[in-house]
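Please open the structure in a viewer and keep the sequence at hand. This tour proposes a series of selections and describes what is found at each one.

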Amino acid sequence: MIHGISPIRAFDTWAKAGVYYVRTEAMVFGFDVRLEGEFDTDTPESEYVLVLDDTGKPLSTCRIHALPEEGIRKIIITSRDEAVGFYEKLGYRADYSKDCRALFPTARKKENETPKKPDPRFVIVYMEKEIILPNGG
C-alpha cells in the first residue's frame, strides 16, 4: 500500500457513493460523458474497488469481476487507449482485437435499438495480466 492511499472493496452505501462520485467527476464533468452513458453497463452485481486518500476522500475507482482469493488467475480490465502504456508498465498486455463491449452484457445491442456511434475520445482497449501467487499456487 502507498502511504496515505487506501484501496477498499466498495460494499457499503458510503463507499458506493464514493465510486459514483469519482466516476461522475472524472467522466461526466471531466470528459462530458452523458450521465446515463457512464452508468449504462452497471448491474446490481457490479463490484468496485474505491481508493481513498488519508483523509477518507475518494481518489479513484475500478470495476472488478473477481479477485485472486476467489481462485482467479488472470485480471482483465478495460482501459482508455491513452492509458495503455501505464498499464503495460504494471504487467498488463493490450489486445486490440477483442471487443470490450462483450465484457458487459448490458452494453450489447438490444432488439430494435439504434446502434450508438462510438465516441472517438474513448477508444477502449481490452487488457489482461496473469496473476502470480506468492506460494506458486
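The tour begins with the whole chain and then turns to sheets, cores, one buried residue and aromatic rings.

**The whole chain**

Begin with a cartoon view of the entire protein, bearing in mind that this is a predicted model. The protein has three helices and six strands. Followed along the sequence, these elements give the pattern β-α-α-β-β-β-α-β-β. Of the 137 residues in the protein, 26% are buried. Among the contacts with a separation of 6 or more, 68% are between residues 24 or more positions apart.

**The sheet E1-E2-E3**

Select strand E1 (5-9), strand E2 (residues 47-53) and strand E3 (residues 58-64). These form an open sheet of three strands in the order E1-E2-E3, and the pairing is antiparallel. Which strands stand at the edges? They are E1 and E3; each has a single partner strand, so one side of each is left without a neighbour in the sheet. From one strand to the next, the twist averages 20°.

Now restrict the selection to E2 and E3. These two antiparallel strands are joined by six bridges. To view one of the pairings, select Glu47 together with its bridge partner in E3, Ile64. Next, move to the hairpin of E2 and E3, where four residues lie between the strands. Gly56 in this hairpin takes a positive phi near 90°.

Add helix H1 (residues 13-31) to the view. Helix H1 lies across E1, E2 and E3, and runs at about 100° to E3.

**The largest nonpolar core**

Show the side chains of Ala10, Ala15, Val19, Val22, Tyr48, Leu50 and Leu52. These seven residues make up the largest nonpolar core. Both H1 and E2 supply at least two residues of this core. In soluble globular proteins, nonpolar side chains tend to be buried together.

Centre the view on Ala10. Leaving aside residues up to four places away in sequence, Ala10 touches Ala15, Lys16, Val19, Tyr48 and Leu50. A second, separate core has five residues, including Ile77, Val84, Val125 and Met127.

**Arg23, in helix H1**

Return to helix H1 and select Arg23, which is found in this helix. Is Arg23 buried or exposed? Arg23 counts as buried because its relative accessibility is 7%, and the cut-off for buried is under 20%.

Which residues does Arg23 touch, not counting residues up to four places away in sequence? They are Val28, Glu38, Phe39, Asp42, Tyr48, Thr61 and Arg63. Display Tyr48 beside Arg23: a polar contact of 2.6 Å joins their side chains. Tyr48 is also one of the residues of the largest nonpolar core.

**The sheet E4-E6-E5**

Select strand E4 (74-80), strand E5 (93-95) and strand E6 (residues 124-130). Here there is an open sheet of three strands with antiparallel pairing, in the order E4-E6-E5. E4 and E5 stand at the edges, and each has a single partner strand, so one side of each is left without a neighbour in the sheet. The twist in this sheet averages 35° from one strand to the next.

Three bridges join the antiparallel strands E5 and E6. To inspect one of the pairings, select Arg93 and its bridge partner in E6, Glu128.

**The aromatic pairs**

How many aromatic pairs does the structure hold? There are three. A pair of aromatic rings is described by the distance of the centres and the angle of the planes.

Select Tyr20 and Phe39. Their ring centres are 5.6 Å apart and their planes stand at 75°, so this pair is edge-to-face. The two residues are 19 residues apart and link distant parts of the chain, with Tyr20 in helix H1 and Phe39 in helix H2 (residues 35-39). Tyr20 is partly exposed, with a relative accessible area of 37%. Phe39 has appeared before, as one of the residues that Arg23 touches.

Finally, select Phe86 and Tyr87. This aromatic pair is also edge-to-face, with 5.0 Å from centre to centre and 75° between the planes. Phe86 counts as exposed, at 51% relative accessibility, whereas Tyr87 counts as partly exposed, at 25%. Add Tyr92 to the selection to complete the view: Phe86, Tyr87 and Tyr92 form one aromatic cluster.

How values were computed: Residues are numbered from 1 along each chain as its sequence is written. This is a predicted model: local features need pLDDT of at least 70, side-chain atom pairs count only at pLDDT 80 or more; totals for chains, interfaces and linings use all residues. Side-chain values use heavy atoms; hydrogens and water are left out. Buried means under 20% relative accessible area, exposed over 50%, partly exposed in between (1.4 Å probe, protein chains only). A polar contact is a pair of N or O atoms within 3.5 Å; within protein, one must be able to donate a hydrogen and the other to accept it, and residues adjacent in sequence count only if both atoms are side-chain atoms. Contact means heavy atoms within 4.5 Å. Two strands pair if DSSP finds at least two bridges between them. Axes are lines fitted to C-alpha atoms, for helices over the stretch in contact, and angles run from 0 to 180 degrees between N-to-C directions. Rings of Phe, Tyr and Trp (its six-membered ring) pair if their centres lie within 6.5 Å; planes under 30 degrees apart count as stacked, over 60 as edge-to-face and the rest as tilted. A nonpolar core is a set of buried Ala, Val, Leu, Ile, Met, Phe, Trp, Tyr and Cys residues joined through side-chain atoms within 4.5 Å.
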